[in-house]
Amino acid sequence: MKNIVVVGAGTMGNGIAHVFAQQGFNVALTDQNKQQLDRAAATIKKNLERLRDKEKIDTNLLTASLDRLVFTTEPANYYKNADLVLEAVSENLQVKKIVFEQFSKLTPTTCLLASNTSSISINILANFTDRQDKVVGMHFFNPVPIMPLVEIIKGDATSEETLTTIKALATQLGKTGILANDAPGFVANRVLLPMINEAIRTLGENVSDVAGIDAVMKLGMGHPMGPLQLADFIGLDVCLSILEVLYDGLKKPHYQPHPILIEMVQAGHLGVKSGRGFYAYTNDPKNPEVAYKNHP
Ligand SMILES: NC(=O)c1ccc[n+]([C@@H]2O[C@H](COP(=O)([O-])OP(=O)(O)OC[C@H]3O[C@@H](n4cnc5c(N)ncnc54)[C@H](O)[C@@H]3O)[C@@H](O)[C@H]2O)c1
């Protein structure tokens with residue numbers, strides 16, 4: 001495996017492209033939005049430089065990693081030689097359907113087709129393709145260069161050969177691959193998102209304010225980040241999409257997205273990526289101020 005195409009250069013796509021390039025793969029990162037690609041290129045460079053400054057990589061590896069990366073809105077030529085294509089486009093079934101149909105048309109039949117989806121069924125995605133045995137979930141965590149987990153999702157038709165290859169690939173990227181079967185939200189988000197939703201409900205019922213809820217979970221439970229800040233970090237639109245898939249699939253009330261979350265997404269307050277969610281990230285992104293005020 002040598003040539004990788006990563007589709008979607010948002011929060012996740014840039015981190016995924018970064019780790020593949022750093023581990024020696026040729027990576028084409030593509031997005032329909034040129035500005036997103038420019039931002040991703042700047043983010044990857046900044047993150048590699050930070051690793052160099054911390055002496056985790058040397059200057060040669062920094063330069064070589066950047067040389068292995070291509071940023072393009074026209075991926076057709078890269079698809080032709082791809083060994084693996086991995087999509088990290090928006091968490092929306094219709095958007096992913098178009099991407100998986102393109103994968104079938106434009107990549108060689110030997111190419112593995114992976115999704116970084118947080119919650120959408122791998123079986124449904126596989127149905128959009130001409131090679132269900134080669135479709136697999138490869139669910140990375142944010143920030144990708146740092147987080148050591150890849151949840152590997154097996155669809156009903158995913159072959160053992162595909163799983164073995166992807167598990168080995170995760171190891172090659174310095175990650176631990178944990179296998180999960182195809183069920184709404186897999187393991188990570190099925191467990192995490194009800195906590196985030198409950199934190200929003202706790203806020204909505206005025207039990208405490210944003211800073212108070214996050215402080216309780218950090219200081220009392222040892223979480224490195226409170227659930228509301230984590231929601232901002234994931235992206236409130238992504239959280240909403242995941243909860244919709246979970247509620248649709250599992251029909252339990254604690255998965256039903258809280259109205260505050262829906263309203264914030266409708267208002268364009270998507271968290272870190274839009275500059276504002278439960279916190280405001282425009283002044284000092286490392287020490288964001290609370291933006292959602294509820295407490296009397
Ligand atoms: N945000 C997280 O913490 C997180 C963690 C794990 C997995 N995921 C999953 O990763 C995927 C991407 O999430 P994200 O947070 O990076 O989203 P994002 O909104 O930051 O980025 C999505 C990108 O996809 C691009 N895009 C949309 N349609 C496209 C198309 N047809 N072709 C090419 N590019 C297209 C958009 O322009 C955008 O740049 C989702 O499936 C999400 O559930 C997200």
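This is a short talk about how the two domains and several helices of one protein model fit together.

Hi everyone, and thanks for coming. Please keep in mind that what you see above is a predicted model.

Let's begin with the overall layout. The chain is divided into domain 1, residues 3-181, and domain 2, residues 188-289. How far apart do the C-alpha centres of the two domains lie? They are 26 Å apart. Where the domains touch, 10 residues of domain 1 are in contact with eight residues of domain 2. In general, the size of an interface is often given as the accessible area lost when the parts come together. Here, the area buried between domain 1 and domain 2 is about 730 Å², and carbon and sulfur atoms give 57% of that.

Next, the helices. As a bit of background, two packed helices are described by the angle between their axes and the distance between those axes. Our main character is α8, residues 188-204, and we will look at two of its partners.

The first partner I'd like to show you is α10, residues 227-234. The axes of α8 and α10 are 9 Å apart, and the packing angle is about 120°. Angles of 65 to 115 degrees count as roughly perpendicular and those over 145 as roughly antiparallel, so α8 and α10 are oblique to each other. The crossing of α8 past α10 is left-handed. Which residues do the touching? From α8 we have Leu192, Met195, Ile196, Ala199, Ile200 and Leu203, and from α10 they meet Pro227, Leu228, Leu230, Ala231 and Ile234. Sorted by class, that contact has 11 nonpolar residues, with no polar and no charged ones.

Now for α9, residues 210-221. With α8 it packs at about 140°, and the axes of α8 and α9 are 10 Å apart. This pair is therefore oblique too, but the crossing of α8 and α9 is right-handed. On the α8 side you can find Met195, Ala199, Thr202 and Leu203, which meet Val210, Ile213 and Met217 in α9. The classes here are six nonpolar, one polar and no charged residues. Notice Met195, Ala199 and Leu203 of α8: they are among the residues that meet α10, and they also meet α9.

Let's move along to α11, residues 236-250, and α12, residues 259-266. Their axes come within 9 Å and cross at roughly 135°, and α11 and α12 are therefore oblique to each other. Is the crossing left-handed or right-handed? For α11 passing α12, left-handed. The contact is built from Leu236, Asp237, Cys239, Leu240 and Leu243 of α11, together with Leu261, Ile262, Met264 and Val265 of α12. By class, those residues are eight nonpolar, no polar and one charged.

Finally, two details of the backbone. Most residues other than glycine have a negative phi, and most peptide bonds are trans. Against that background, look at Asn142 and Pro143, which are joined by a cis peptide bond with omega about 0°. Pro143 sits in the loop between β6, residues 135-139, and β7, residues 149-154. Then there is Phe186, a residue other than glycine whose phi is positive, near 50°. Phe186 lies in the loop between β8, residues 176-181, and α8, which takes us back to our main character.

Thanks for listening!

Key: Residues are numbered from 1 along each chain as its sequence is written. This is a predicted model: local features need pLDDT of at least 70, side-chain atom pairs count only at pLDDT 80 or more; totals for chains, interfaces and linings use all residues. Side-chain values use heavy atoms; hydrogens and water are left out. Axes are lines fitted to C-alpha atoms, for helices over the stretch in contact, and angles run from 0 to 180 degrees between N-to-C directions. Helices (H or I, at least four residues) and strands (E, at least two) are DSSP runs, numbered from the N terminus. Angles under 35 degrees count as roughly parallel, over 145 as roughly antiparallel, 65 to 115 as roughly perpendicular and the rest as oblique. A crossing is left-handed if the near helix is turned anticlockwise from the far one by less than a right angle, and right-handed if clockwise. Contact means heavy atoms within 4.5 Å. Ala, Val, Leu, Ile, Met, Phe, Trp, Tyr, Cys and Pro count as nonpolar, Asp, Glu, Lys and Arg as charged, and the others, Gly among them, as polar. Domain bounds come from an automatic or database domain assignment. Buried area is the accessible area (1.4 Å probe) that two parts lose on being put together, summed over both.
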